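Grab the model and work through these short exercises with it. Each task comes with a stepwise solution.

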Amino acid sequence: MRTSPPPRPTARAELIADTAIGLLARRGLRGLTHRAVDEAAGLPEGSTSNHARTRAALLEATVRRLAVRETQVVSMDDLPQGEGPEELADGLSLAMHRYLTGDPDLLVARYELALEITRRPELREMYVRTGTTAFREPLEAMLRRAGSPDPERHTLSLVSWCDGMLFSCTAGSYSAHTPGRDELRRGLLELLRGMLG
């Protein structure tokens, strides 16, 4: 049985979710309320409640929109494709540099949500699924094409390195330093050569 794709969000739904992402980045989860979204978005009071009745529904809409916006910043399809460590490092360093410099609010919002899903199992599945489809599966396919003897394990190592670098340079001890693309490429190349030989 074929299922139809979910309906395209309306401009108002996108505005609400985009505003929620911005509030998460600036105020954290405590600052994300229906009323705060209405005020920050310049919407009449009650607009966010009409769109997402509960806090869980608002968080779910935010996770969905975050996934869309992340793929707009870091689309795996428009990265350099290749099968060797150099080509993989080129593509991944471009993606990471875009993420760090393009819209840091997305990263901060992602970290806020990542902690929240540890307490909300109903959000965990959606959060993991969006990350798996958008990033993990394409990375595993790239590593497989590059000749990885253990692409699943190597994907975990690569994702962990990328996540750690993004966190350190956004919210961690290196947040005053945004590495350039060349610096990211060198680190990725060291890792990938170790994996792939």
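Before starting: this is a predicted model, where local features need pLDDT of at least 70, side-chain atom pairs count only at pLDDT 80 or more, and totals for chains, interfaces and linings use all residues. Residues are numbered from 1 along each chain as its sequence is written, and side-chain values use heavy atoms, leaving out hydrogens and water.

**Exercise 1.** Find what follows helix α1 and give the sign of its phi.

Solution.
- Helices here are DSSP runs (H or I, at least four residues), numbered from the N terminus.
- Helix α1 covers residues 11–27.
- Next comes Gly28, and its phi is positive, near 80 degrees.

**Exercise 2.** Classify the structure's one aromatic pair.

Solution.
- Rings of Phe, Tyr and Trp (its six-membered ring) pair if their centres lie within 6.5 Å; planes under 30 degrees apart are stacked, over 60 edge-to-face, the rest tilted.
- Tyr111 and Phe167 have ring centres 5.0 Å apart and planes at 75 degrees, so call it edge-to-face.
- Tyr111 sits in α6 and Phe167 in α8 (residues 151–170), so the pair ties together parts 56 residues apart in sequence.

**Exercise 3.** Are Tyr111 and Phe167 buried or exposed?

Solution.
- The cut-offs, with a 1.4 Å probe and protein chains only: buried is under 20% relative accessible area, exposed over 50%, partly exposed in between.
- Tyr111 comes out at 18%, so it's buried.
- Phe167, at 39% relative accessibility, is partly exposed.

How values were computed
Helix = DSSP H or I, 4+ residues; strand = E, 2+ residues; numbered from the N terminus. Expected span 1.5 Å × (residues − 1).
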